[in-house]
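Please take a look at this protein with me. We will start with a pair of charged residues and work outwards from there.

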Amino acid sequence: ELRRNFLHLYLDIAWWGLLNGSILVFLGVYASRLGASTFQLGLLTASPALMNLLFTFPAGGLLERKPVARVTRWSALLMRVFYFLLIPLPVLLPAGTQVWVILAITLLMNIPGTLIAIAFNAFFAEAVPPEWRGQVAGVRNALFSVTTMVTALVVGLILDNLPFQTGYQIVFAIGAVGAMMSALHLWLVRLPEKPRPAGEPPSNGIKNELRAAEKAPLRALRLQALRLDVLGGAFGRLLVLIFIYQLGVYLIGPVVPKYQVNVLQLSDVTISQASALFWVAHFIGSLQSRRLSQRLGFQRLTGWGLIIVTITLVMFTYGFQRWIYLLHSLIGGIGWAWIAGGLINYVLERIPADDRPSHLAWFNLVNNAAALLCGLLAPLIAGWIGMAATLLLAAALRLGVGVALCARKPLRLPRLSVAQE
């Protein structure tokens with residue numbers, strides 16, 4: 001039974017790689033080629049964060065009343081069916097109208113998207129016993145990298161050899177099929193039933209801790225117990241750094257697609273090749289993250305990752321030659337792998353073990369607030385100082401946080417239990 005569940009979880013993320021390497025990589029590029037403004041691209045970036053902020057607490061309430069498996073499966077299906085609406089767009093509507101329809105689709109799909117984002121962690125925890133989670137998560141990451149890389153290369157060839165409208169219809173179809181096949185495998189996962197006698201405490205302490213960690217902050221916020229005390233002291237200063245870091249990440253979201261198309265004048269083939277190189281490097285960097293975290297600590301691993309992606313963002317800004325653009329993606333994959341392996345574990349090190357829910361709630365709110373703010377303000381900033389200067393501003397924000405993390409003395413050495421958790 002466990003082997004069967006693991007197989008479907010592997011196939012879930014493998015099919016999701018088709019979506020990532022097609023629609024998620026090229027939707028912003030497609031909108032830019034249709035003539036989308038930086039304001040419209042900013043809305044495209046801000047939509048997920050806006051829906052997350054609006055529907056996180058109602059979603060948590062629904063999870064308290066409904067089985068996690070049912071919420072996960074139906075929210076995955078409802079979200080991913082929206083991708084099929086993109087397929088007829090290239091031949092159905094004028095270019096300007098298409099952009100607004102894409103924005104509407106993105107906004108609506110992120111309502112069930114908020115549900116699946118919250119529910120899947122609990123779903124995964126119930127489907128995979130604690131002693132297997134590290135291996136299953138590692139295999140899922142590897143499969144995601146490989147299928148994304150292959151899909152991005154194939155998509156580049158399709159767009160290079162077919163007419164614009166036909167090529168993007170096929171790309172959207174590939175992504176939609178990948179999304180629905182991913183949802184299918186979530187439906188095929190069977191969560192174990194573990195009945196217990198009346199009055200007996202739950203035997204799976206880890207599972208209940210995960211459920212409590214997800215639900216407790218939602219209950220607290222509904223009761224207006226916002227725990228403002230969390231914002232004081234060392235964790236409050238950490239949240240400031242996280243907010244600045246997220247500004248450096250999301251500030252470029254509305255700028256990059258237009259900069260690729262209008263300034264760097266990159267072809268879809270080059271963009272797909274760069275995406276493939278990124279995921280190859282990300283896969284390799286992920287394999288090294290655990291060893292490096294033992295040597296550097298999660299704090300400095302994150303800091304060095306930020307310094308690397310600062311360098312690559314500057315390379316992107318001046319990537320007028322194809323080899324510079326490809327090299328920036330190759331090196332950037334390593335930097336982002338280090339950040340992925342270090343950041344959340346570094347945050348967990350700074351959170352008291354007996355008070356995680358409230359701290360993580362504020363961490364989530366800070367992340368989404370930065371994403372929403374950048375989605376709305378980045379177009380204005382780009383219009384004021386220019387796209388290149390906006391990219392360099394984001395690089396400066398990343399560099400400042402990276403240097404701060406590398407210069408500060410870590411509180412403690414990394415622990416394997418934190419990394420595996």
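## A buried pair of charges

Arg140 and Asp12 are both buried. In this predicted model, the two residues form a salt bridge, and their closest N and O atoms lie 3.0 Å apart. Look at where each partner sits: Arg140 belongs to helix H6 (residues 130–161), while Asp12 belongs to helix H1. The two are 128 residues apart, so the salt bridge links distant parts of the chain.

## A second salt bridge

How many salt bridges does a search of the whole structure find? The count is two. The other one joins Arg33 to Asp268, again with 3.0 Å between the closest N and O atoms. Here too, distant parts of the chain are linked: Arg33 is in helix H1 and Asp268 is in helix H11 (residues 268–296), with their positions 235 residues apart.

Are these two partners buried or exposed? Arg33 has a relative accessible area of 28%, so this residue is partly exposed. Asp268 comes to 10% relative accessibility, and because buried means under 20%, Asp268 counts as buried.

## Following helix H1

Both salt bridges have a partner in helix H1: Asp12 in one and Arg33 in the other. This helix covers residues 2–33, which makes 32 residues. What span should we expect for H1? At 1.5 Å a residue, the answer is 46 Å, and the C-alpha atoms at the ends of H1 are indeed 46 Å apart, so the two values agree.

The helix also has a bend of about 45° at Leu27. Just after H1, you can find Gly35, which has a positive phi of about 100°.

## A nonpolar patch on the surface

Now turn to the outside of the protein. Val263, Val314, Tyr318, Phe320 and Leu392 make a nonpolar surface patch of about 420 Å². One of these residues, Leu392, is located in helix H15 (residues 387–407). With a relative accessible area of 31%, Leu392 is partly exposed, because that value lies between the limits of 20% for buried and 50% for exposed.

## The whole protein

Stepping back, the protein has 16 helices and zero strands. It contains 421 residues, and 52% of them count as buried. The accessible surface is about 19,000 Å², with 68% of this area belonging to carbon and sulfur atoms.

Contacts across the chain complete the picture. Among contacts with a separation of 6 or more, 88% are between residues 24 or more positions apart.

Methods. Residues numbered from 1 in each chain as written. Predicted model: local features only at pLDDT ≥ 70, side-chain atom pairs only at ≥ 80, totals over all residues. Heavy atoms only, no water. Helix = DSSP H or I, 4+ residues; strand = E, 2+ residues; numbered from the N terminus. Expected span 1.5 Å × (residues − 1). Bend = angle between axes of the 7 residues up to and from the residue. Patch = residues over 30% accessible without salt bridge, like charges linked within 9 Å, V, L, I, M, F, W, Y side chains within 5 Å. Areas by Shrake-Rupley, 256 points an atom, 1.4 Å probe, with all protein chains shown as cover. Salt bridge = Lys/Arg side-chain N within 4 Å of Asp/Glu carboxyl O. Buried < 20%, exposed > 50% of the residue type's maximum accessible area, 1.4 Å probe, protein only. Contact = heavy atoms within 4.5 Å.
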